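Please look over the sequence and the coordinates below, beginning with the overall fold and then moving on to the ligand and its surroundings.

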Amino acid sequence: MTTRIPLMAGNWKMNLNHLEAIAQVQKLSQYLTDAKHDFATAEAAVLVPYTDLRSVQTLVDSDNLPIEYGAQDVSEHASGAYTGDISADMLKSLGVKFCAVGHSERREYYGETDALVNAKVRALAAADIVSIVCVGEALEIRKAGNHVPYTVDSLKGSIADLSPEELAKTVIAYEPVWAIGTGEVATPADAQEVIGALREAIAEMYDADVADAMRILYGGSVKSGNVAEIMAEKDIDGALVGGASLDPEEFSKIVRFADHA
Ligand code: PGA
């Protein structure tokens, strides 16, 4: 049985410029160190706009902060004539450890498909960056009772044909679209139902050990007040946090979920 270290990843989305990012990471780090947070019990990461990465890197490196950082998207291409895109190697050169892929906002507003997500995951794995692969159903699919097969299929397409080594460089995030930014959190049992099914699908695609090692996060209106009950579910290994990650004190409490379990 592998011990999966919980990961709390704050997805800032398109918020905070590079100066604000510095202040934000300083405060987050202060809250966590003041509370003597043990990072071996839960990792803390921030997924920031591209324009913040250099500033966050400089701060984290120079002050040796225990916070990890990453990006919110990447190009599937290695280099070339792709105006506006950012490659995995460019992220790597800024010390990026994580990158979200296939967030529902990317899927909905930019038409990202599972096949594109799959190409991006490969590009990241080649650069040794851990993908946070997002999957989750819209409200109509949940209402029709098809959320488990829909989400499992989306995961299968998103991680299709990855080698076990590539898969080891991924984290999965189950984010039901109806729970994102709405205050409408899935019940812990709802989240466990889907996340348990995702883990089973990985066991079928690979094997039980690979499935056992995979970190699967829940995302959608996670706050300090509901994180402990979500984390109490056996297959949930952390959270992808949007709105609440913009408040450093609140996000530090989410990272320290074990304190208020
Ligand atoms: P939320 O966003 O926590 O604001 O619901 C989650 C996400 O979009 O990753």
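**Helices, strands and ligand**

In this predicted model, helix H9, which spans residues 188-205, lies across E5, E6 and strand E7 (216-219), and its direction is at about 150° to that of E7. Helix H7, made up of residues 147-158, likewise lies across E5 and E6, and here the angle of about 150° is the one formed with E5.

The two strands that both helices lie across are themselves paired: strand E5 (residues 130-135) and strand E6 (residues 170-174) run in the parallel sense and are joined over five bridges. Within this pairing, Ser131 has Thr170 in E6 as its bridge partner. The pair belongs to a barrel that eight strands close in the order E1-E2-E3-E4-E5-E6-E7-E8, with parallel pairing. From one strand to the next, the twist averages 25°.

What, then, surrounds the ligand? Its shell consists of 13 residues, of which the closest are Lys13, His103, Glu175, Gly181 and Ser221. Sorted by class, this shell contains four nonpolar, seven polar and two charged residues.

Several side chains place an N or O atom beside an oxygen atom of the ligand: for Lys13 the separation is 2.7 Å, for His103 it is 2.7 Å, and for Asn11 it is 3.5 Å. The ligand, which would expose 280 Å² if taken alone, has 95% of that area buried by the protein.

Terms used: Residues are numbered from 1 along each chain as its sequence is written. This is a predicted model: local features need pLDDT of at least 70, side-chain atom pairs count only at pLDDT 80 or more; totals for chains, interfaces and linings use all residues. Side-chain values use heavy atoms; hydrogens and water are left out. A residue is near a molecule or strand if one of its heavy atoms lies within 4 Å of it. A polar contact is a pair of N or O atoms within 3.5 Å; within protein, one must be able to donate a hydrogen and the other to accept it, and residues adjacent in sequence count only if both atoms are side-chain atoms. Accessible areas come from the Shrake-Rupley method with a 1.4 Å probe; for residues, only the protein chains shown count as cover. Ala, Val, Leu, Ile, Met, Phe, Trp, Tyr, Cys and Pro count as nonpolar, Asp, Glu, Lys and Arg as charged, and the others, Gly among them, as polar. Two strands pair if DSSP finds at least two bridges between them. Helices (H or I, at least four residues) and strands (E, at least two) are DSSP runs, numbered from the N terminus. Axes are lines fitted to C-alpha atoms, for helices over the stretch in contact, and angles run from 0 to 180 degrees between N-to-C directions. Contact means heavy atoms within 4.5 Å.
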